[in-house]
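Student: Could you pick one part of this structure and take me through it closely? I'd like to follow how the side chains there relate to one another and to the spaces around them.

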Amino acid sequence: AALRALALHRAGVSAVDVREVDRGVMITLAAADPGSAAVAALAAAVRASVPDLVTLSVSRRQPDAPQVIGAAPVVVVGAVAERHTPDPDAPYHYAGPGAFTQAHPGQLVALHRAVEAALLDQLGSLAHRRVLELYGGTGALGLRLARAGAEVTLVESFPTAAELAAQAAREQG
């Protein structure tokens with residue numbers, strides 16, 4: 001609601017990415033000129049009006065680009081990664097500006113539970129099963145399957161996301 005009240009388009013912002021994380025929200029503003037005075041003023045307004053903001057970043061994006069986020073986001077305030085635990089029964093993963101995540105945490109949980117259940121139904125166990133996860137993002141599904149015993153190889157082209165997946169995997173063994 002706070003973002004809707006701001007005149008994003010007047011600052012040249014053509015897309016916004018908002019993601020929920022354990023401690024609050026991460027927001028990325030995408031604009032053709034993310035270094036402009038108008039975007040800087042807008043960033044200050046976002047910081048002042050979003051009380052649960054944990055990270056604010058900006059990204060260069062042409063207004064007609066098909067992607068929501070253009071170039072790799074630059075963090076203006078906050079952490080470059082935040083812990084995200086949408087399912088208390090699954091390992092956490094890290095969210096970072098520009099890294100893919102399902103838009104709705106409840107749907108993410110339902111999807112991951114369904115994939116794990118289908119694999120268990122077909123295989124009986126994931127112990128020592130090799131799993132190749134393509135477009136693995138920050139590893140939310142791969143970490144879940146690894147916890148169930150699978151030997152997961154995660155493939156991800158966005159380096160930041162792959163690094164966050166590796167960090168979460170190391171931390172959780």
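**A close look, starting from one tyrosine**

Tutor: Let's start at Tyr-94, which is buried, with 9% relative accessible area (buried means under 20%, exposed over 50% and partly exposed in between, using a 1.4 Å probe and protein chains only). Please keep in mind that this is a predicted model, in which local features need pLDDT of at least 70 and side-chain atom pairs count only at pLDDT 80 or more, while totals for chains, interfaces and linings use all residues. Residues are numbered from 1 along each chain as its sequence is written, and side-chain values use heavy atoms, with hydrogens and water left out.

Tyr-94 has an aromatic partner. Searching the whole structure turns up one aromatic pair, and here it is: Tyr-92 and Tyr-94 sit edge-to-face, with 5.7 Å between the centres and 80° between the planes. For such a pair, the ring centres of Phe, Tyr or Trp (its six-membered ring) lie within 6.5 Å; planes under 30 degrees apart are stacked, over 60 edge-to-face, and the rest tilted. Tyr-92 is counted as buried because its relative accessibility is 13%. The face of Tyr-92 has a charged visitor too: Arg-83 lies over this face, at 3.7 Å from the ring centre (the rule asks for NZ of Lys or CZ of Arg within 6 Å of the centre and within 35 degrees of the ring normal).

Now to Asp-87. This residue forms a salt bridge with Arg-144, and the closest N and O atoms are 2.8 Å apart (a salt bridge needs a side-chain nitrogen of Lys or Arg within 4 Å of a carboxyl oxygen of Asp or Glu). The bridge links distant parts of the chain, 57 residues apart: Asp-87 belongs to the loop between β5 and β6 (93-95), and Arg-144 to helix α3. In this naming, helices (H or I, at least four residues) and strands (E, at least two) are DSSP runs numbered from the N terminus. Asp-87 counts as buried because its relative accessibility is 3%, and Arg-144 is buried as well, at 6%. The two also belong to a wider network of salt bridges, which links Asp-87, Asp-89, Arg-113, Glu-116 and Arg-144.

Asp-87 and Arg-144 turn up again in the walls of an enclosed space. The structure holds one cavity of 30 Å³ or more, and the largest cavity has a volume of about 60 Å³. On a 1 Å grid over the protein atoms alone, a cavity is a set of points where a 1.4 Å probe fits but cannot get out, whereas a pocket is an open set with protein on both sides within 12 Å along at least five of seven lines; lining residues have an atom within 4 Å of a point. Points are joined across faces, edges and corners, and the volume is the space filled by probe spheres set on them. Along with Asp-87 and Arg-144, the lining of the largest cavity includes Pro-86, Ala-90, Pro-91, His-93, Leu-108, His-112 and Ala-140. Two elements, α2 (105-123) and α3 (140-147), give two or more residues each to this lining. By type, its residues divide into five nonpolar, two polar and two charged (Ala, Val, Leu, Ile, Met, Phe, Trp, Tyr, Cys and Pro are nonpolar; Asp, Glu, Lys and Arg charged; the others, Gly among them, polar).

Let's step back to β5 for another bridge. Glu-82 meets Arg-23 in a salt bridge of 2.8 Å, N to O. Glu-82 lies in strand β5 (residues 82-84) and Arg-23 in the loop between β1 (13-21) and β2 (24-31), so the pair ties together parts 59 residues apart in sequence. Glu-82 is buried, at 7% relative accessible area, whereas Arg-23 counts as exposed because its relative accessibility is 57%.

One more bridge leads to an open space: Asp-17 and Arg-19 meet at 3.0 Å, N to O, and both are buried. The largest pocket holds about 330 Å³ of space. Of its 20 lining residues, the closest to the centre are Asp-17, Arg-19, Ala-99, Phe-100 and Thr-101. β1 gives the most to this lining, with four residues. Altogether, the count comes to six salt bridges.
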